[in-house]
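These are my notebook entries on one structure. I looked up a pocket, a sheet and a core.

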Amino acid sequence: MKESGLFIALLLASTMLSSCEEKKEKQTIIVPPPAKEVKHGPQKMPDTSQKRDIEWLGGSYTVSIVRTADESLPLTKDEEGNAYYDNMIHVRIQRADGSDVLNKTFTKTWFASCLEGTATYRDGALLGIVFDKIEGNRLVFASSVGSPDFRSDEFVPMTMTVDANGGISLRLDTKMDTNSGDETDDDEGV
């Protein structure tokens with residue numbers, strides 16, 4: 001009798017365990033999907049740095065240009081209204097002896113004379129200043145202010161020139177980079 005009682009107890013325990021396991025298997029656990037990471041706050045355009053050695057006015061010069069986001073400037077925005085930090089660009093033109101022709105930090109406000117009253121001036125960022133060429137006793141730089149979104153082609157091109165004494169002039173760049181029938185371009189087909 002003890003053995004049959006033990007057998008019945010084991011059978012009951014086994015049945016209870018299997019019924020508990022069945023109940024657990026039938027339970028539905030709902031786990032919410034992981035939340036998508038939403039970026040809040042202004043974005044930054046990538047920092048850039050260029051350094052180029054040139055021969056100008058019978059001497060050797062180094063042109064250095066560094067662009068960085070500046071969190072102290074008013075925010076800019078792209079076409080979709082996404083906020084960006086504006087940029088400052090430091091330009092240094094140095095003689096071989098280490099003295100400077102120009103050592104200046106530019107912000108968008110410096111370009112206001114070409115942009116005042118436009119949406120580009122209000123919303124755009126200082127995108128870049130790039131050494132272009134030597135024209136007589138002046139160095140010519142391409143510069144632009146526009147949408148901070150790298151996918152955008154919304155910008156205002158300007159030409160900045162620097163003379164041998166560090167004097168700077170600025171004008172809108174209205175010349176297109178395409179050939180008109182009147183001009184020849186040595187780089188055609190490149």
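How much space lies in the second largest pocket? I found about 290 Å³. The model is predicted, and local features need pLDDT of at least 70, side-chain atom pairs pLDDT 80 or more, while totals for chains, interfaces and linings use all residues. Residues are numbered from 1 along each chain as its sequence is written, and side-chain values use heavy atoms, without hydrogens and water.

A pocket is an open set of points on a 1 Å grid over the protein atoms alone where a 1.4 Å probe fits, with protein on both sides within 12 Å along at least five of seven lines; lining residues have an atom within 4 Å of a point. Volume is the space filled by probe spheres set on the points.

I then looked up the lining of the second largest pocket. It holds 16 residues, and Met45, Ser147, Pro148, Asp149 and Phe150 lie nearest the centre.

Next I turned to the sheet. Four strands (DSSP runs of E, at least two residues) form an open sheet in the order 7-8-9-10, with antiparallel pairing; a pair needs at least two DSSP bridges. Strand 7 (125-135) and strand 10 (168-172) stand at the edges with a single partner strand each, so one side of each has no neighbour in the sheet. Nine bridges join strand 7 to strand 8 (residues 138-146). Gly128 has Ser144 in strand 8 as its bridge partner.

Last, I looked up the largest nonpolar core (buried Ala, Val, Leu, Ile, Met, Phe, Trp, Tyr and Cys joined through side-chain atoms within 4.5 Å; buried means under 20% relative accessible area, with a 1.4 Å probe and protein chains only). Among its 24 residues, Val63, Val91, Ile93, Phe111, Ile129, Leu139 and Phe141 touch the most other members. Strand 9 gives the most to this core, four residues.

Conventions. Buried means under 20% relative accessible area, exposed over 50%, partly exposed in between (1.4 Å probe, protein chains only).
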